[in-house]
Amino acid sequence: MKNGLLIFVGLFTLAALSWAVMLLAPHRQYGGLGPAVDPVEGSVHPYGTSGLAAQGRLVYQDLGCATCHTQQVRLGTADLERKWGARPSYARDYVKDGVVLLGSSRLGPDLRNVGARLGDVPAAEYAEWFHKVLYAPSSVAARKPAHPFLYDVRPVNPGQASHKALRLTGSAAPAAGFEVVPTPRAEALVAYLTSLKDTYEYPDETKRNAPPPADQKGGH
Amino acid sequence: MNSPVSSRAEQEQIDATTKWPVLAFLGSAVFWLVVGGVFQLGASIQTHSPTFLAECEWFAHGRLAPAALDVLVYGWGFNAAFAVSLWLMARLSLASLRHGGWLLIAGKFWNIGVFLGVVGVLGGWSTSYELLEFPRFTVLLLIAAYAMIAVWVVTTFSLRNTENVFASQWYLLAAAFFFPWLYSIAQVMLLKAPVAGTLQAIVDAWYVSGIYTLWFIPLGLAIAYYFLPKLLGRPINLYYTAPLGFWWLISCGVLLGGIRLINAPVPVWVPTLGIASALLLPLPLVVVALNLLGTIGRDAGRAAASPTLSFIGLSIVSFLAWGVLTIVTSARGVATTFQFTLGPAGLDWLALYGVFSTAAFGAAYFIVPRLTGREWASPALVRAHFWSAALGLGLFTVASLVGGFKQGALLNDPSVPFGDIGPALAPWLAARSVALILGAIGHLAFAVNFFWAACPVNSGKCRPAVVSAPPDLPAPVGSEAHA
């Protein structure tokens, strides 16, 4: 190969091809995918993240949670048995997430449906559980780095203990006369985590991903 | 003008024009290498001892781990790549590097950009997109600095005084061309005018895969293609197959990103395309093995005596291992176990450290003495660097792969509670920390030797330790093959 121009043109073609095939084609295919409207109730799914939860996503980004946590439930693996979701994740689930962090490592568990993991528990109790995971993971038998910097440990105002103070016991409990109160960042992060639940069954996607009826198998 | 035997004086003249830019880039690279190695070690310790530095927000694992990789990629990797590309391109084009002073300025901008980016990630302004974590305000700085640096590589090439274009030059041009393409498109599609939904994951996978297969791996190969024939004094074995290997490898590389998205909620043809291009990788692997291992041939003993060639040997072996492992682990059945474990990061490390960094170390051991006119101060440190790099790389890769498969098997076994997986992995995670300690020792040895040799204050009184033993043979610039 002697011709510099030819090398350049070749590389340019490959680069253009790579962009067109890998990015432009999927964009044309489902870049315009929007939320689905329930045919019976008329409700919109996914609805998008609420204000506080959207702030929480910024905290999630800033702390780099995606380093160890994925947000995708796969078929053909143990994800469903592990109760990381009642169904696999569909592309439509993400269309209203401003920032999509599917993640690439599962040193920690998948979080796509972490907001539905405890089942029907009162919201306040659920938030308390998240706060304990973040402030003192060992208090709920979780093996993860603690994020104590998201919490204020402060002296209790006599007669005016904060209603937000964590109810910690054992080694995680603060010294007598002190309380552990979540900062606004911790509250936003927990609001985000509790908002993570893909529980809606899209009629379209469910149909598309359903196994074929037995009598049609191998029909071709 | 295409005399394969350029005169020694001419070469020295060309080298002299590259001296300060190359030394400045290498110096910054070595600085970031030491910093990145320490960060990476800290992040690795956190994986088996989660309490380590956890109280300190700036060094929370989710910040430290990406910051470490960013330092190693943009701080060490890019600076070293700039140094080696500029020097190689000037030598191979028989053209002096003109107005190199601008490069010093551009290099400052690049390093300021990296510094701000790393502080941004540690301070909580991370975007959280893999390898694109640097906050937005660094992007223009990095692009402008990159443009000012790469333009020198390309103009040096277009002002070449040779007729042939050698294999190393193809690979250098490919890398110089692909990075700005990948980076600017990824920035626009993720941060400037973000695409919606899981398209973002496709863009990021495309970028990350491109950084390894279209930037670091071509650069590693460019170094190997240059130094093997030069130091062994014979042309590349079966050189006429090299263009095929080059175009085929780049073609596979541009479509490989999909293998990072197997089973992800994206159109299923995206990962399938990645798997298909991984299946086409054997051909370039065979060509590169024939070209490079064939050139070493029966001279392995002679090659092992030269630090440059022993590092390059490590790079070639890593490239072949990377290729084979990429093919194997992209199969759907294997990927279902392998993805989301320690393994994929081990493969990326094999590309960044195994293929590129070792080749860059080898190149530095050759280049620096020729720029400073002084030999390396301590051959013992050179040996220490080689062995700690080789052992650290080997241990890290094996621990990541074996630990990764074990982790994958446990993750996919619903009868194993999630909380039991971490303790089961602890030995492998600890082995990775040991590997990184070894690597960090090597980095320190390299840094001491480098600053000793490159520092202008040292008057050159130190005992010359002739470690780059083979004489500076004229480069057989693939001339025979072009006859």
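Start by selecting B:Ala29, which sits in helix α1 of chain B. This is a predicted model. Is B:Ala29 buried or exposed? A residue counts as buried when 20 or more other C-beta atoms lie within 10 Å of its own. B:Ala29 has 24 C-beta neighbours inside 10 Å, so it is buried.

Keep B:Ala29 selected and show its contacts. Leave out residues up to four places away in sequence. What does B:Ala29 touch then? The list is B:Trp76, B:Asn79, B:Ala80 and B:Ala83.

Now add B:Ser184 and draw a line between the two C-alpha atoms. B:Ser184 is 155 residues from B:Ala29 along the chain. The C-alpha atoms of B:Ala29 and B:Ser184 are 23 Å apart.

**Stop two: helices α2 and α13 of chain B**

Select residues 61-92 of chain B for helix α2, then residues 342-372 of chain B for helix α13. Two packed helices are described by the angle between their axes and the distance between the axes. Here the angle is about 45°, and the axes are 10 Å apart. α2(B) and α13(B) are therefore oblique to each other. The crossing of α2(B) and α13(B) is left-handed.

Show the side chains where the two helices meet. From α2(B), pick B:Leu72, B:Val73, B:Gly77, B:Ala80, B:Val84 and B:Trp87. From α13(B), pick B:Leu352, B:Phe356, B:Ala360, B:Ala363 and B:Ile367. What classes of residue make up this contact? Color them by class: 10 are nonpolar, 1 is polar and none is charged.

Look again at B:Ala80. This residue of α2(B) meets α13(B), and B:Ala80 also touches B:Ala29.

**Stop three: helices α8 and α11 of chain B**

Select residues 269-279 of chain B for helix α8 and residues 307-330 of chain B for helix α11. At what angle do their axes cross? The angle is roughly 140°, and the axes come within 9 Å. An angle over 145 degrees would count as roughly antiparallel, and 65 to 115 as roughly perpendicular. α8(B) and α11(B) are therefore oblique to each other. Their crossing is left-handed.

Now show the residues in contact. B:Gly274, B:Ile275, B:Ala278 and B:Leu279 come from α8(B). B:Thr326, B:Ile327 and B:Ser330 come from α11(B). By class, this contact has 4 nonpolar, 3 polar and no charged residues.

**Stop four: chain B as a whole**

Zoom out and color chain B by secondary structure. Chain B has 15 helices and 0 strands. Turn the chain along its principal axes: the C-alpha trace spans about 70 × 45 × 45 Å. Its radius of gyration is 22 Å, which agrees with the value near 23 Å for a compact globule of 483 residues. Of those 483 residues, 59% are buried.

Next, look at contacts between residues at least 6 apart in sequence. In chain B, 85% of these join residues at least 24 apart.

**Stop five: where the chains touch**

Show chain A too. How many residues of chain B are in contact with chain A? There are 66, and they meet 58 residues of chain A. Six stretches of chain B are worth selecting: α1 (8-48), α2, α4 (139-158), α5 (167-192), α6 (199-232) and α7 (242-255). Each supplies at least two residues of the side that touches chain A. The largest share, 8 residues, comes from α5(B). By class, this side of chain B has 38 nonpolar, 21 polar and 7 charged residues.

**Stop six: A:Cys65**

Cross over to A:Cys65. It lies in the loop between α2 (51-62) and α3 (123-135) of chain A. A:Cys65 has 24 C-beta neighbours inside 10 Å, so it counts as buried. Leave aside its neighbours within four places in sequence, and A:Cys65 contacts A:Tyr60 and B:Gly62. Then select A:Gly108, which is 43 residues from A:Cys65 along the chain. The C-alpha atoms of A:Cys65 and A:Gly108 are 9.3 Å apart.

**Last stop: chain A as a whole**

Hide chain B. Chain A has 5 helices and 4 strands. Trace them from the N terminus, and the order is α-β-β-α-α-β-β-α-α. The radius of gyration of chain A is 23 Å, well over the 17 Å that the globule rule gives for 220 residues, so chain A is more spread out than a compact globule. Its C-alpha trace spans about 80 × 60 × 30 Å along the principal axes. Of the 220 residues, 38% count as buried. Among contacts with a separation of 6 or more, residues 24 or more positions apart account for 73% in chain A.

Note on methods
Residues are numbered from 1 along each chain as its sequence is written. Chains are lettered from A and ligands numbered from 1 in the order in which they are written. Axes are lines fitted to C-alpha atoms, for helices over the stretch in contact, and angles run from 0 to 180 degrees between N-to-C directions. Angles under 35 degrees count as roughly parallel, over 145 as roughly antiparallel, 65 to 115 as roughly perpendicular and the rest as oblique. A crossing is left-handed if the near helix is turned anticlockwise from the far one by less than a right angle, and right-handed if clockwise. Two residues are in contact if their C-beta atoms, placed from the backbone, lie within 7 Å. Ala, Val, Leu, Ile, Met, Phe, Trp, Tyr, Cys and Pro count as nonpolar, Asp, Glu, Lys and Arg as charged, and the others, Gly among them, as polar. A residue is buried if 20 or more other C-beta atoms lie within 10 Å of its own, exposed if 12 or fewer, and partly exposed in between; C-beta atoms are placed from the backbone. The radius of gyration is taken over C-alpha atoms; the globule rule is 2.2 Å times the number of residues to the power 0.38.
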